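Visitor: Could you walk me through this one? I would like to go piece by piece and ask as we go.

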Amino acid sequence: MTEKQVEDMFIRYDVRALPVVDDNNDVIGLVTYKEVAAAKQRLWNKEQKRIRQEVAATEKAKKRGIKEGGKNNSDEKKNERKLGSALKGWMKQHVQTVEAGLTMAEVEAYLLENDVGSIPVVADGTNQLVGMVTRTDLLRQHRYYPSLHYHNPGFSDSIAARKPIIELRKKLKKFDLEE
């Protein structure tokens with residue numbers, strides 16, 4: 001995938017981080033909107049540098065009185081560059097994961113202690129992706145359930161055990177009032 005394809009996924013699913021998995025659904029990395037923006041900026045900088053070099057070379061050639069040729073080859077290279085770079089080149093490759101058996105309180109503590117915005121959730125004892133937990137998820141948790149405290153058994157359930165509640169919340173979300 002290229003940064004353009006990943007950016008399209010960010011927009012389509014309204015997320016800022018996506019896990020990268022292999023054919024076995026094992027987590028191998030994480031790509032965030034920040035990496036996509038940085039990759040786009042690097043690509044733009046390279047393109048601007050190439051344009052400046054071409055202009056300088058053209059001006060030199062004009063001073064020497066040499067006609068410029070081979071414009072088609074330059075256009076082909078330009079089109080190749082616009083396709084973007086591969087995902088593996090700019091994703092975070094060594095990401096921490098949390099197991100699905102952890103409580104939301106433990107995951108929240110991990111996110112805050114490590115100043116991480118999101119973290120992939122894997123099945124207990126494996127590296128198989130189950131889902132993602134983000135700071136936004138935690139903020140929504142506190143918004144929709146303001147009276148829910150850590151000593152509440154409902155909040156201390158494991159992430160995997162909370163799946164029915166999460167699915168119900170998704171179904172009920174269409175009835176939420178806009179503020």
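Visitor: Where is D14 found?

Guide: D14 is found in the loop between α1 (3–13) and β1 (17–21), where helices (H or I, at least four residues) and strands (E, at least two) are DSSP runs, numbered from the N terminus. This is a predicted model, in which local features need pLDDT of at least 70 and side-chain atom pairs count only at pLDDT 80 or more, while totals for chains, interfaces and linings use all residues. Residues are numbered from 1 along each chain as its sequence is written, and side-chain values use heavy atoms, with hydrogens and water left out.

Visitor: And what is phi of D14 near?

Guide: Phi of D14 is near 55 degrees, a positive value in a residue other than glycine. Most residues other than glycine have a negative phi.

Visitor: Is D14 buried or exposed?

Guide: D14 counts as exposed, because its relative accessibility is 70%; buried means under 20% relative accessible area, exposed over 50%, and partly exposed in between, with a 1.4 Å probe and protein chains only.

Visitor: Which residue in the loop between α4 and β4 has a positive phi?

Guide: D115 is in that loop, and D115 has a positive phi of about 50 degrees although it is not a glycine. D115 is exposed too, with a relative accessible area of 60%.

Visitor: OK, switching to the sheet. What is the order of the three strands?

Guide: The open sheet has the order β3-β4-β5, with mixed pairing, and two strands count as paired if DSSP finds at least two bridges between them. β3 (98–99) and β5 (129–134) stand at the edges with a single partner strand each, so one side of each is left without a neighbour in the sheet.

Visitor: How many bridges are there in each pairing?

Guide: β3 and β4 (residues 118–122) pair in the parallel sense over two bridges, with V121 in β4 as the bridge partner of V98. β4 and β5 run antiparallel and are joined by five bridges, and S118 has T134 in β5 as its bridge partner.

Visitor: What about G125, in the hairpin of β4 and β5?

Guide: That hairpin has six residues between the strands, and G125 takes a positive phi near 80 degrees there.

Visitor: Which helix lies across those strands?

Guide: Helix α4 (residues 104–113) lies across β3, β4 and β5 and runs at about 140 degrees to β4, with axes being lines fitted to C-alpha atoms, for helices over the stretch in contact, and angles running from 0 to 180 degrees between N-to-C directions.

Visitor: Now R135, what does R135 touch?

Guide: Not counting residues up to four places away in sequence, R135 touches L111, D115, V116 and G117, where contact means heavy atoms within 4.5 Å. R135 lies in helix α5 (residues 135–144) and is partly exposed, with a relative accessible area of 33%. R135 and G117 are 18 residues apart in sequence, yet 5.6 Å apart in space, C-alpha to C-alpha.

Visitor: Last, what does the secondary structure of the chain come to?

Guide: The secondary structure comes to six helices and five strands, and from the N terminus on the elements run α-β-β-α-α-β-α-β-β-α-α. Buried residues make up 23% of the 179 residues in the chain. Among contacts between residues at least 6 apart in sequence, 56% join residues at least 24 apart.
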